[in-house]
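Good morning, and thank you for coming. Today I should like to take you through one protein structure, part by part. Please have the sequence and the model open as I speak.

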Amino acid sequence: MKKTNNKIAVGLDIGTTKIVVMVGQKNEHGKLEIIGVGRSKSLGVHRGVVNNITQTINSIKEAVAQAESDSGYKITDVTVGIAGQHIRSLQHSDYITRNNFEEVIDEEDIKKLINQVHKLVMLPGEEIIHVLPQEFKVDSDGDIHEPMGMYGSRLEANFHVVVGQITSIKNIARCVKSAGLNLAGITLEPIASSSASLSKEEKEAGVALVDIGGGTTDIAVFKDNIIRHTSVIPFGGNVISDDIKIGCSIIEKQAEQLKVKFGSAWPGENKETEIVAIPGLRGREPKEISLKKLSQIIHARVNEILEQVYMELRHYGCEEEKKKLIAGIVLTGGGSKLKHIRQLTEYLTGLDTRIGYSNEHMASGQSDLINSPEYATAVGLVLKGIEKLEEQELYFSPKEDEEFTAESLPTKNKAEQNSLTEQPLNEEKADDKKVDNKKSEKPEREQSSFKPKSSIFSKWTDKFIKMINETE
């Protein structure tokens with residue numbers, strides 16, 4: 001692998017129509033540079049759920065090989081997105097009573113509260129993927145976003161809990177591991193897409209991200225910079241292609257090409273006389289398709305998808321004054337490239353709508369293909385991967401003039417320390433080891449000074465990955 005001082009992360013988007021592997025790093029200005037992309041046709045995935053392990057593994061390997069060739073890096077660790085019709089979410093409130101209210105609230109109190117949420121009894125086969133805090137309440141004071149450092153005897157919080165089928169998630173984990181990769185991180189795909197497509201101002205004002213993928217349509221609602229609602233609708237762009245295939249009596253490949261090149265979500269645009277001819281099969285006469293009929297087929301299905309989206313937004317409460325989505329809707333994913341879908345969304349929902357690109361977080365000079373809405377999830381996964389690497393750097397960061405050894409790490413059990421050192425220290429470094437041992441005798445407060453900013457919440461992702469690996 002090439003040597004670099006920048007942190008490099010890899011995102012793996014396992015979609016219904018395509019599998020994307022994206023390699024990226026941040027430049028000196030904090031913007032994301034994509035240095036390699038691999039893409040393959042997704043075989044063995046239906047509506048975000050793996051239904052053929054072997055085909056999915058082969059598709060992942062193909063995309064990884066392309067990304068390695070494009071970037072010049074050997075890919076080992078990946079951040080993977082989770083979606084699919086098995087994903088659901090719920091709101092939950094919980095509280096703890098503190099024994100000593102004369103001491104300020106610290107990380108341990110919040111950990112204890114989050115631990116209670118993770119003990120919630122789910123339906124058989126389900127597992128909690130994300131626990132996302134909404135706001136906290138200390139005694140009688142509510143709407144608190146950061147309770148640490150405050151005094152109080154009762155700590156309460158509202159949580160947005162994302163739940164998924166553990167078997168579906170384990171199948172994805174197995175495909176990743178069988179492809180020779182390590183599962184470095186796992187996140188919900190609409191959350192990843194929002195990292196790439198939304199601005200802080202939009203998240204504060206209130207916005208709904210709608211990611212129209214091949215097999216599913218993912219929704220994430222933000223208000224006051226907090227994620228308020230997530231949902232997965234179990235159909236996307238593929239059902240539009242299926243409708244075209246049946247309605248026009250053509251094959252799947254032709255239906256997809258028609259949708260991409262001539263499709264429109266607004267049938268009033270086309271005239272009855274507008275015709276497109278497609279080649280006939282095995283020497284048959286070319287088949288003529290009316291663009292008016294094509295747009296009517298597309299409109300009917302897109303209308304259905306957007307009605308489901310609006311139903312989810314009403315379920316969140318977007319019509320209430322306090323939950324109003326001032327920034328409206330941001331469409332992303334491959335389905336958002338459909339002509340006139342933005343106008344139809346505004347017409348059906350009454351909310352301002354724009355197409356979501358990743359330009360805001362990307363370094364200048366990136367190709368238009370990478371900035372395309374269909375790559376928003378992959379870009380978001382890279383950003384999440386870099387975010388985790390930065391957290392680890394804060395935790396493990398040694399001083400510039402110190403040798404980085406197992407002894408220089410924050411206090412852990414011996415087994416964890418040994419796993420972080422691949423080779424034993426040689427005799428030349430024996431003296432250095434003694435020096436490091438003396439350094440490790442510093443007061444405990446100094447030993448634990450390197451802690452990631454979001455260690456409380458990201459820790460549960462690590463625990464979830466460990467649980468998957470233990471059950472493999």
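A nonpolar core, as I shall use the term, is a set of buried Ala, Val, Leu, Ile, Met, Phe, Trp, Tyr and Cys residues joined through side-chain atoms within 4.5 Å. I should also say at once that this is a predicted model.

Let me begin with the overall picture. The protein has 472 residues, and 49% of them count as buried. Its secondary structure consists of 15 helices and 18 strands. If we take the contacts between residues at least 6 apart in sequence, 67% of them join residues at least 24 apart.

We turn now to the cores. The largest nonpolar core contains 40 residues. Which residues have the most contacts inside this core? They are L12, I14, I60, I75, V176 and L181. Let us look at V176 in more detail. Setting aside neighbours within four places in sequence, V176 is in contact with L12, I14, I60, V78, V80, L181 and L183. There is also a second, separate core, with 37 residues, and among them are I240, I244, A265 and L351.

Next, the space inside the protein. Rolling a probe the size of a water molecule over the atoms shows where empty space is left. How many cavities of 30 Å³ or more are counted? The count comes to one. The volume of the largest cavity is about 40 Å³. Its lining is made up of I212, G237, I240, V302, I305, G335 and I341. You may recall I240 as a member of the second core. Two helices, α6 (237-248) and α8 (291-316), each supply at least two of the lining residues. Sorted by class, the lining has five nonpolar residues, two polar residues and no charged ones.

Let us stay with helix α8 for a moment, since V309 lies in it. Is V309 buried or exposed? V309 counts as buried, because its relative accessibility is 2% and the cut-off for buried is under 20%. Not counting residues up to four places away in sequence, V309 touches V210, T217, I219 and I233. T217 deserves a remark: T217 and V309 are 92 residues apart along the chain, yet their C-alpha atoms are separated by 8.3 Å.

For another case, please find K61, which is in helix α1 (residues 53-71). K61 is partly exposed, because its relative accessible area is 43%, and that term covers the range between 20% and 50%. Apart from neighbours within four places in sequence, K61 is in contact with S178 and A179. The C-alpha atoms of K61 and S40 are 8.9 Å apart, while 21 residues separate the two along the chain.

I come now to the strands, and to β10 in particular. Nine of the 12 residues of β10 are buried, so this strand is largely enclosed by the rest of the structure. Which strands pair with β10? Strand β7 (residues 88-97) pairs with β10 in the antiparallel sense over 10 bridges, and S89 has V162 of β10 as its bridge partner. Strand β8 (residues 126-138) is mostly covered, with 10 of its 13 residues buried. The pairing of β8 with β10 (residues 154-165) is also antiparallel, over 11 bridges. Within β10, V162 stands opposite H130, and N158 stands opposite E135.

Strand β8 has a further partner. With β9 (residues 141-144) it pairs in the antiparallel sense over two bridges, and V138 is matched with D141 in β9. These two strands form a hairpin with two residues between them, and D139 in the turn has a positive phi of about 55 degrees.

Finally, two further residues with a positive phi. D143 lies in strand β9 and has a positive phi of about 55 degrees, although it is not a glycine. D143 counts as exposed, because its relative accessibility is 65% and the cut-off for exposed is over 50%. N225 lies in the loop between β13 (217-223) and β14 (226-233). Its phi is also positive, at about 65 degrees, and N225 is not a glycine either. N225 is partly exposed, with a relative accessible area of 44%.

That concludes my presentation. Thank you for your attention.

Definitions and conventions:
Residues numbered from 1 in each chain as written. Predicted model: local features only at pLDDT ≥ 70, side-chain atom pairs only at ≥ 80, totals over all residues. Heavy atoms only, no water. Buried < 20%, exposed > 50% of the residue type's maximum accessible area, 1.4 Å probe, protein only. Contact = heavy atoms within 4.5 Å. 1 Å grid on protein atoms, 1.4 Å probe; cavity = no way out; pocket = protein on both sides within 12 Å on 5 of 7 lines; lining within 4 Å. Points joined across faces, edges and corners; volume = space filled by probe spheres on them. Helix = DSSP H or I, 4+ residues; strand = E, 2+ residues; numbered from the N terminus. Nonpolar A, V, L, I, M, F, W, Y, C, P; charged D, E, K, R; others polar. Pairing = 2+ DSSP bridges.
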